[in-house]
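Biologist: Please show me the model, and then let us go through how some of its parts pack.

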Amino acid sequence: MSTDRLAGETPPGQEAAPGTAEARTPDEAAGPGGAAAPESAAAPESAAAPGEDATRREEGAEGAGAEAEPAGAEAEAPPSGAEAGAPSSGSPASETDAADPGAANGSAASGPETSTPSSGAETAAPASGAEAAAPGAAKGTPPSGSAKATADALAAAVRAVESGERSAASFFSDTPRPARPAAPAARSAKAVPQAGPTGPGPDVARQRAAQESGAPARPDGPEGGATGPAAAAPAATGPAPAPRPAARALPGVEGVRQVLAAGGAPETLAEQTAEVLGERAAEALGEDPWLLLGVPGVRPEQADGFARALLGPACGPGDERRAQALVGWLLEQAALAGHSALEATALRAALAQRSVPDPDDALQAAIADGAVLVFQDAIDEPGGRARPATDDDEEEQPVRVLLGLDRFAMAEESVADGLARLLNTFEAVAEPTQDPASAEADGATADGLASPEATAGEAADETTAAGDAQVTDGDTPGESPAATATATPTDHDTASRPARPSVADWEAVAAVAPSPSAAELIRAAAHSGLVAHTGAEAARAEPAALIAAARSLGLRAFGATHTENGRRRLAAHLTDSAPDATATGSPDPATAAVTVSGLLSGREGPGRDAEGALALDLLVVLDAPQLDLETAALLVESLTDGTRLVLSGDPGVLWSAGPGRLFADLLAARFCPQVASRTPDFGPIGELVSAIGIGELSQVEAPGKEVVIVPVRDAGEAVHRTVQLVADSVPRAFGVPADHTQVITVGHGGAAGTRALNAALKERLNPGPGRFGGFDPGDRVAYAPAPGRTVPGTVTGADAAGLHLDCDGSAVVVPREQVGTGAVRHGWALTAHQAAGTRWPAAVVVLPGDATGGLTRAWVYTAFSRGERHLSVVQGVDQALARAVAEVPVKERTTRLRSLLQQSVQSGEEPTAAD
């Protein structure tokens, strides 16, 4: 028995931060093969099959991107070598991965002089001479000759000068970068140059469609040169020799297989390589072997061995093709750690650590080729927002130089632009301060929200001024400028015209809200197109009350969650908010609850209108911290002008598994109205988690043993006690069956990681030979249909089509190839990132002694809050838990969204200031 002590002692801590279990190594980024990395002391799940990159995204943030661990972080656990499917050259098991380039947060880079227009979408490039026509000068524009490239660069330069971000003189002081030694013809396989490729070249950066921003600026010179290998002269080997003309590559996958075999790489990578590199993959790979780094799961050491086998001993670390491939690879690994960009100094240091002789030249080449974008990000000043620049302000504001891949830059800019669009296109219901004539009828509160006493005349004046239906009695606005009928649709989901409730309507529903916080949220949503709402589990009733209120006013309102489990919890709240809906013939309120993935795919929710936008008037996104940049960009772009968007979530939980920290950046930028819930989580678990949220690990009274601490001495005992809790103690004491109890641990690797725990739990709860790719009917599994999403399920069988799962009552078939690449794992034990957005009746959090480096306050907060009725903590980290809660709030990420939002606010204020 292990449930013998109350939770007065140190409860466990946080998700595998970079450096342990999940986060110490680029989680699952090990070798192209599928073999597991050595499971030594909390090593993150390092090795996964090359195709496992899809699941790495989902769990990469847990392990915070092993490969790209912040500089100075603990050394990661090395992979076990060339795992199944890894190039035969392999990587020494003793070699550690590069420090996370994103670790250099906060230090202003003084290097490449760059300039970013206020929108953040463009970067100024020198407009002089041939420099202006450098490749990438007009990012995203189809190659149309040097004349167009020059014109685009000049336009970008003009915009930079007009915005005041660069002086005109600065464009004449750029010293041209020394010409680089001519590279072999393999250069044609890199990012497509503006003047047109000289040969077929796959898009190794996986660049998106045309980007509307200007050309990225090229650094003027070294930014504090690198030490170590970077300080040395270029490799003595000089440019790598041309590929040996052993045999003419065959077309298609067979040709790729032939080239892989010639370089000693496993032929099983052929299909993935062909998919990544495109139609001429074999030819491109033969010319530039380091393109293999673009294949998910391949590591630099393996790509180096492959290149040596193809190019011969003359191939060295100074090869320009190698440096360019490493730049893209490091930024991809940083994305797995949650960074949307990296500081130039951090990226330069990471290149030097990878033995690149001249990191500055490598960065300049990557920027010139358009494979990498460069930005200037203002460094926050103590006390608040960045200072807006003025024409007479001679003092330069400190900035840091950031480098990033175009798709993440585009996603961040798309999110910022979309959120600003929703704010700016929203038509206020009533703004008494806009009508001086009605000032005497003061119907607004001090914070600008309309009070219940707002007069009908104000509502009518404002509605008429906005060009909408005229309101005659203050209660029922018309549905169109020419209509006077009241808005009382009976089918909220299919109303042909959007309803426009008046101030009095909103006040009426706010007055009957279930709590003061819910009323405040309703009023905020009535008067703003974008609202941020914060609160813990109990506060989820407030967005539900908003959705129910909006639907009662005739609006098409929906709530979207991260997981199916979250959708069911929201549906229960909606049913409670409108208990008489079905009796009165109204639509079932539970239908307003959807998942984000289901909403975007069209499987759930209202569908899309004729223009492709989501057919709704108000969208509440719960679990907002789990939104990664690319999903958020797609969601915001799907909302039409004037739609109300409410982002709701618990700021204490872990951020998204993908790159970015959207919710945290939105809150920090103070970009829109914010409503903080005052509804606490009750009970011993709620009290414990609330204390953790403010950095305290306090003892709580648990008379019903709702919280239990189980001390252990080592990882072996931790596994034993965990199995005992799940199989015996919790079911006997609380009546919670084993399949409703979730085990949560810091990482996948290690002696008490998810792999070890799942093996022990399977042996006890569902023993079997693993007939279907390691799985048996009845196994609990975690299925990752897309990066950042984990769907719990149970195996029901398998056939030629794949593995059959029952996921929350839905039948799912996972193709055999996805099962082989790690899309399905055993699910008795999960990481905290996989568990985010879902709650179970009971949770067992396992903290072995080797997991201390992975603990943060956010990890502990997330893991401890997964249990509804009971929480057991298998405690083996002693006081490290309390230190993590008090001193390590979160693993920081480098992003640009906060600055972009602040720039949007400042640019919006400038015209008013001028007036």
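The questions below deal with three helix pairs and one pocket in this predicted model.

Biologist: Is helix α14 parallel, perpendicular or oblique to helix α15?

Modeller: The axes of α14 (residues 541-552) and α15 (residues 564-577) cross at roughly 55° and come within 9 Å. Angles under 35 degrees count as roughly parallel, and 65 to 115 as roughly perpendicular. The angle of roughly 55° fits neither range, so the relation of α14 to α15 is oblique.

Biologist: Which class of residue is absent from the contact of α14 with α15?

Modeller: On the α14 side, the contact is made by Ala541, Ala544, Ala545, Ile547 and Ala548. On the α15 side, Leu570, His573, Leu574 and Ser577 take part. Seven of these residues are nonpolar and two are polar. The class with no residue here is charged.

Biologist: How are α19 and α24 oriented to each other?

Modeller: Helix α19 (residues 683-693) packs against helix α24 (residues 857-864) at an angle of about 165°, and their axes are 9 Å apart. An angle over 145 degrees counts as roughly antiparallel. The two helices α19 and α24 are therefore roughly antiparallel.

Biologist: Which charged residue is in the contact of α19 with α24?

Modeller: From α19 come Ile685, Leu688, Val689, Ile692 and Gly693, and from α24 come Arg857, Val860, Tyr861 and Phe864. By class, seven are nonpolar, one is polar and one is charged. Asp, Glu, Lys and Arg count as charged, so the residue asked for is Arg857.

Biologist: Is the crossing of α3 and α4 left-handed or right-handed?

Modeller: Helix α3 (residues 252-262) and helix α4 (residues 270-277) pack at about 115°, with axes 9 Å apart. That angle makes α3 roughly perpendicular to α4. The contact joins Val253, Val256, Arg257 and Leu260 of α3 to Ala270, Glu271, Thr273 and Ala274 of α4. As for its hand, the crossing of α3 and α4 is right-handed.

Biologist: Which helix gives two or more residues to the lining of the second largest pocket?

Modeller: The second largest pocket holds about 830 Å³ of space. The elements that give two or more residues to its lining include the strands β14 (780-783), β15 (791-799), β16 (802-807), β17 (810-814) and β20 (840-847). The helix in that list is α15.

Biologist: How many charged residues line the second largest pocket?

Modeller: The lining has 39 residues, and Val791, Pro792, Gly793, Cys807 and Asp808 lie nearest the centre of the pocket. By class, 14 lining residues are nonpolar and 15 are polar. The number of charged residues is 10.

Methods: Residues numbered from 1 in each chain as written. Predicted model: local features only at pLDDT ≥ 70, side-chain atom pairs only at ≥ 80, totals over all residues. Heavy atoms only, no water. Axes fitted to C-alpha atoms, helices over the stretch in contact; angles between N-to-C directions. Helix = DSSP H or I, 4+ residues; strand = E, 2+ residues; numbered from the N terminus. Contact = heavy atoms within 4.5 Å. 1 Å grid on protein atoms, 1.4 Å probe; cavity = no way out; pocket = protein on both sides within 12 Å on 5 of 7 lines; lining within 4 Å. Points joined across faces, edges and corners; volume = space filled by probe spheres on them. Left-handed = near helix turned anticlockwise from the far one by under 90°.
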